[in-house]
Amino acid sequence: MGFQYDDDVPVAIRSEVPTAKARTNRLLPWVVGGAVAAIAIGAWAIVQRSSPTPEGVETPAESTAATPNSLLGHRPYADAAPESLTPLASNAAIRLRSPAAKAFDELQAAAAREGVRLVPLSGFRSKKDQEALFFDVKAERNQSVTERASVSAPPGYSEHHTGYAIDIGAADQPATHLETTFEQTAAFRWLQANAKRFSFELSFPRNNLQQVSYEPWHWRFVGDLESLRLFYGDRSGTPAQ
C-alpha cells in the first residue's frame, strides 16, 4: 500500500510531508555515497597490505625454528665425500669441493692484483671436528646450547660439512679474524663488491633468516647445481647427501 495522507490535515501542511518516492529519491545519494566510500576504504586497505616495504626499511627476520628438520636454527648437512675435496693453492691444509676451491683460488688472486690480501681460515670440517668445536668450546665458555648455536652449528648442521663454505680473513689484520670487526677491513669491502663474480655469498648477514649471529667472515660457494640444491633446496626433507 502506498503512502496516504490524512484528509483532515490542511493542504498547506500536507505539502510539507514527503511521499514515499520523494523520500527514496532523497536518501538515494546518501546510500550510494556510503557504498562508494566503503569500496574506496576497502581498496585502500588492500593496497596498503600489498605495497612493498619502502626502500631502506628492514623487515623482521623470519625464523626457521619451525622447520621440521632444523636444529637450533641450523639446517642438517652430510659430510662431503673425501674424493670431492681439493686443497687450496694458498693453504693445502684447507680443502673445499673442487669447484669451490678453484673459484676461491681465482677470487684470492683477483684480490691480490688489487692489493687486497685474503687468507683462508677454515674450509671443510667433518662432523667429528664440529663436535669438538661445538661442545668443548661451549663448556669452556660456560654457554647454553642456544648461546653456542648462535655462533657455531651443532655437529651435523654446519655448512662447513658440505665443502662449499669457507671462513676468510684479512692477511694484514689478523686481530679481525673470525670477529665482526672484519667488516671494517678493506678485505671485507672487496668481498662485498666482488665475491658474487666468483659465486660466493655471505652465509649469515645481519638479520639472517636462521637467526645465526652475524658472521662477515663466513662465505659459501653457490656456483654449481649441487651447492644450490644444498643451500636453497627443500628445507623440510632429510639431510642433503
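Okay, before anything else, one bit of vocabulary: when I say helix or strand, I mean a DSSP run, at least four residues for a helix and at least two for a strand, numbered from the N terminus. With that settled, here's a residue to keep in mind: Phe200, which sits in strand 5. We'll come back to Phe200. And please remember that this is a predicted model.

So, the overall layout. The chain has seven helices and six strands. If you walk along from the N terminus, you meet them as α-α-β-β-α-β-α-α-β-α-β-β-α. There are 241 residues, and 35% of them count as buried. If you take the contacts with a separation of 6 or more, 63% of them are between residues 24 or more positions apart.

Let's look at the sheet. Which strands form it, and in what order? Four strands make an open sheet, ordered 3-4-6-5, with antiparallel pairing. At the edges you've got strand 3, residues 118-122, and strand 5, residues 200-204; each has a single partner strand, so one side of each has no neighbour in the sheet. Going from one strand to the next, the twist averages 45 degrees.

Now across the sheet, pair by pair. Strand 3 and strand 4 are antiparallel and joined by four bridges. One residue pair to find there is Pro120, whose bridge partner in strand 4 is Ile168. Next, strand 4 pairs with strand 6 over three bridges, again antiparallel. Here Ile166 stands opposite Trp219 of strand 6. Then strand 6 and strand 5 are antiparallel too, over four bridges, and in that pair Glu201 has Arg220 of strand 6 as its bridge partner. How covered is strand 6? Mostly: seven of its seven residues are buried.

On to helix 3. This helix lies across strand 3, strand 4, strand 5 and strand 6, and runs at about 150 degrees to strand 3. A quick sanity check on its length: 16 residues at 1.5 Å a residue should span 22 Å, and the end C-alpha atoms are 23 Å apart, which agrees. Which residues of helix 3 are buried? Ala100, Ala101, Ala103, Phe104, Leu107, Gln108, Ala110 and Ala111. Just after the helix comes Gly115, with a positive phi near 80 degrees.

That brings us to the core. The largest nonpolar core has 32 residues, and the ones with the most contacts inside it are Leu107, Leu118, Trp190, Leu191 and Phe200. The elements that give two or more residues to this core are helix 3 (98-113), strand 4 (165-170), helix 6 (186-194), strand 6 (215-221) and helix 7 (225-232). Helix 3 gives the largest share, seven residues.

Let's zoom in on two of those core residues. Leu191 touches Leu107, Leu118, Ile168, Phe182 and Trp219, leaving out residues up to four places away in sequence. And now, as promised, Phe200. Buried or exposed? Its relative accessible area is 2%, and the cut-off for buried is under 20%, so Phe200 counts as buried. Again leaving out residues up to four places away, Phe200 touches Ala100, Ala103, Phe104, Leu107, Ile166, Ala195, Trp219, Arg220 and Phe221. Take Leu107 from that list: Phe200 and Leu107 are 93 residues apart along the chain, yet their C-alpha atoms are separated by 9.1 Å.

Last stop, the loops. Between strand 5 and strand 6 there's a loop that holds Asn208. Asn208 is buried, at 6% relative accessible area. What does its side chain reach? A polar atom of the Asn208 side chain lies 2.6 Å from the backbone oxygen of Val212.

Gln211 is found in that loop between strand 5 and strand 6 as well. Here's some background: most residues other than glycine have a negative phi. Gln211 isn't a glycine, but its phi is positive, about 60 degrees. Leu178 also has a positive phi, near 60 degrees, without being a glycine. Where is Leu178? In the loop between strand 4 and helix 6. Its relative accessibility is 44%, so Leu178 counts as partly exposed.

That's my tour. If you take one picture away, make it helix 3 lying across those four strands, giving the core its largest share of residues.

Definitions and conventions: Residues numbered from 1 in each chain as written. Predicted model: local features only at pLDDT ≥ 70, side-chain atom pairs only at ≥ 80, totals over all residues. Heavy atoms only, no water. Core = buried A, V, L, I, M, F, W, Y, C linked by side-chain atoms within 4.5 Å. Buried < 20%, exposed > 50% of the residue type's maximum accessible area, 1.4 Å probe, protein only. Contact = heavy atoms within 4.5 Å. Pairing = 2+ DSSP bridges. Axes fitted to C-alpha atoms, helices over the stretch in contact; angles between N-to-C directions. Polar contact = N/O pair within 3.5 Å; in protein donor to acceptor, adjacent residues only side chain to side chain. Expected span 1.5 Å × (residues − 1).
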